[in-house]
Amino acid sequence: MEVAIAIAALGGLLWWAAYARWGSLWMGCGAFIALGYVLAPPLWTAHIGPIPLTVDRVLLIGFGAAYIWKWRQGELALRHISPADWLLLAAIGYFTVRCAMTPTPPPDGSTVKPWWRLIAAFWIPAALYLAARTSNDGERRWRGMLWILAGLGGFLAFTAFAEITKQWWAVFPRYISDPLLGTHFGRARGPSLNSASLGIMLTVCFWAAWMLWPKLSRLAQGAVAGLLLAIAGGIFLTFTRSTWIGLAAGLAVVPALQLPKWRTALAIGVILGGAIGVVALGDKVTNLSRKDSDASAEHSVYQRASFVYVSMRMWRDAPLLGCGFGRYYDLKMPYLSDRSQQLELESLRNLDHHNTVLSILVETGIVGVTLFLALLVAWTRMAWQLYRAEDLPMWERSQGLFQLAVVINYLSSALFHDLTLLPTEHWPLFLSAGVSSALLARRAEHVTATQPVPTAPWHALPA
């Protein structure tokens, strides 16, 4: 066993040295998302010291070391700091301070410890943003990043079909077949053991493959079209309405922007497709035809109003700074005994929040939710600026559309799930924003460099 570990460590060190010397940060971020998502903690965890080692943490350490090497070699630069960069810094800083000021919850007072939640949901995605933001990569490596995500989508779609058909021999990692692990057993849930997480990641992979399609050969386009259908099928098999909405909303926006002459036809097609889907799958849309092992699906359908009511009560008691980062789970308990209304609240006792925006509002107050929403608005504006910049190459404008699709996908699920508890879903959001920010910074730098230097009139020159 020791020999195998030594050989693996040597191989990893050689790969790291090659990557640090010649590798692409954008492709490295894409590989981190793919490997970190598939090789999740249940697959391998080593308890060495106070912090357990997992595959994604080992990858992050190696990636960080390569980043520092490239920075010292002068290959990276932080150009033209934008308002979105300052907003991200302010949001991360505020969440960190709020977490530090929050008393530690009791042992059974949270499903995810506040500091781990802060690191996983914000610090690590911010590191991906910084890596993409300071990179000098171009079109070839951007396409390489999308190919990695598209390949991930194909693997996850295959796994989803294998799960639903109970072909457990074809499922990897094998722990997915264990009904006692995670949640949503009985639906496609992937390595994260969560169908919502799988649907969000599959939708990101769908749009990565979509952006690759136009510049491919006819044969390659046919293969990618088949991949898109497979990924869409995997999204359907999650039986998660929020991810269905995310894909449908993206399909209503992105193709219309890419093909302006066909907007009317596309709009009619989307409406007809939606109508046919409601007629054909109406019962599955309302009931989802799903029976999870822990009945969480049934809970999530009728408890939305209860979550909103409790959240508003908690926010009224701490409107500015919130009740404390990561403390919704235990501090909601006194509010569940309210009998002044008709909503049933007691069933929320063992549940985390089901809305990202409300969760941040309750825990960090109006300050935190304002920073968070302002950041999402700034990133959406960046995506729109890239798409509308007609002086930029087509691949850079396609990156704007890709980021726009990622934001739409994120918001569609954030309204139904607390995505700060599913931190891997922040990885592609922050990465796509970092790539777009880097491209806009290059454009601003180029515009500044090409502007003529103003000269003083002849009569203002010294004698």
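Is lysine 166 buried or exposed? I began with this residue in the predicted model. Lysine 166 counts as exposed, because its relative accessibility is 56%.

**Entry 1. Backbone exceptions**

I looked up where lysine 166 sits and found it in the loop between α6 and α7. Its phi is positive, about 60 degrees, although lysine 166 is not a glycine. I noted this since most residues other than glycine have a negative phi, and most peptide bonds are trans.

The loop between α6 (139-164) and α7 (195-212) also holds proline 173. I found that a cis peptide bond joins phenylalanine 172 to proline 173, with omega about -5 degrees.

I then turned to phenylalanine 239, which also is not a glycine and has a positive phi, near 50 degrees. This residue lies in the loop between α8 (218-237) and α9 (241-258). Is phenylalanine 239 buried or exposed? I recorded phenylalanine 239 as buried, because its relative accessible area is 10%.

**Entry 2. Helix α4**

I checked the length of helix α4, residues 83-101. Its 19 residues should span 27 Å at 1.5 Å a residue, and the end C-alpha atoms are 27 Å apart, so the two values agree.

I next listed the buried residues of α4, which are Ala84, Asp85, Leu88, Ala91, Ile92, Tyr94, Phe95, Thr96, Arg98 and Cys99. For reading such a list I kept in mind that an α-helix has 3.6 residues a turn, so residues three or four places apart point the same way.

Two charged residues in that list, Asp85 and Arg98, I followed further. Which side chain of opposite charge is nearest to arginine 98? That side chain is glutamate 363, 9.1 Å away, and arginine 98 has no salt bridge although it is buried. The cut-off for a salt bridge is 4 Å between the side-chain nitrogen and a carboxyl oxygen. Leaving aside residues up to four places away in sequence, I found arginine 98 touching Leu321, Gly322, Cys323, Gly324, Phe325, Glu363 and Thr364. Glutamate 363 is thus listed among the contacts of arginine 98, while no salt bridge is formed by this arginine.

**Entry 3. Salt bridges**

How many salt bridges does a search of the whole structure find? The search finds ten. I examined three of them in detail.

Aspartate 85 forms a salt bridge with arginine 133, and the closest N and O atoms are 2.8 Å apart. This pair links distant parts of the chain, with arginine 133 in helix α5 (residues 114-133) and aspartate 85 in helix α4, 48 residues apart. I recorded both arginine 133 and aspartate 85 as buried.

Arginine 117 forms a salt bridge with aspartate 418, with the closest N and O atoms 3.1 Å apart. Here arginine 117 belongs to helix α5 and aspartate 418 to the loop between α15 and α16 (426-450), 301 residues apart. Arginine 117 and aspartate 418 are buried. I also found Arg117, Glu363 and Asp418 linked in a network of salt bridges.

Glutamate 139 forms a salt bridge with lysine 215, the closest N and O atoms being 2.8 Å apart. Glutamate 139 is in helix α6 and lysine 215 in the loop between α7 and α8, 76 residues apart. Glutamate 139 counts as partly exposed, at 25% relative accessibility. Lysine 215 counts as exposed, at 58%.

**Entry 4. Aromatic rings**

I searched the whole structure for aromatic pairs and obtained 19. One of them joins tryptophan 142 and tryptophan 395, a tilted pair 5.6 Å centre to centre with 45 degrees between the planes. Tryptophan 142 lies in helix α6 and tryptophan 395 in helix α15 (residues 394-414), so the pair ties together parts that are 253 residues apart in sequence. I noted both tryptophan 142 and tryptophan 395 as buried.

The pair of phenylalanine 206 and tryptophan 207 is edge-to-face, because the ring centres are 5.2 Å apart and the planes stand at 85 degrees. Phenylalanine 206 and tryptophan 207 are both buried.

I also found one aromatic cluster formed by Tyr94, Phe95, Phe122 and Phe325. Over the face of phenylalanine 325 lies arginine 117, at 5.5 Å from the ring centre. Phenylalanine 325 is, in addition, one of the residues that arginine 98 touches.

Lastly, I looked at tyrosine 329, where the charged end of lysine 332 sits over the ring, 4.2 Å from its centre.

Key
Residues are numbered from 1 along each chain as its sequence is written. This is a predicted model: local features need pLDDT of at least 70, side-chain atom pairs count only at pLDDT 80 or more; totals for chains, interfaces and linings use all residues. Side-chain values use heavy atoms; hydrogens and water are left out. Helices (H or I, at least four residues) and strands (E, at least two) are DSSP runs, numbered from the N terminus. Buried means under 20% relative accessible area, exposed over 50%, partly exposed in between (1.4 Å probe, protein chains only). The expected span of a helix is 1.5 Å times one less than its number of residues. Lys and Arg count as positive and Asp and Glu as negative; His and the chain ends are not counted. Contact means heavy atoms within 4.5 Å. Rings of Phe, Tyr and Trp (its six-membered ring) pair if their centres lie within 6.5 Å; planes under 30 degrees apart count as stacked, over 60 as edge-to-face and the rest as tilted. A charge sits over a ring if NZ of Lys or CZ of Arg is within 6 Å of the ring centre and within 35 degrees of the ring normal.
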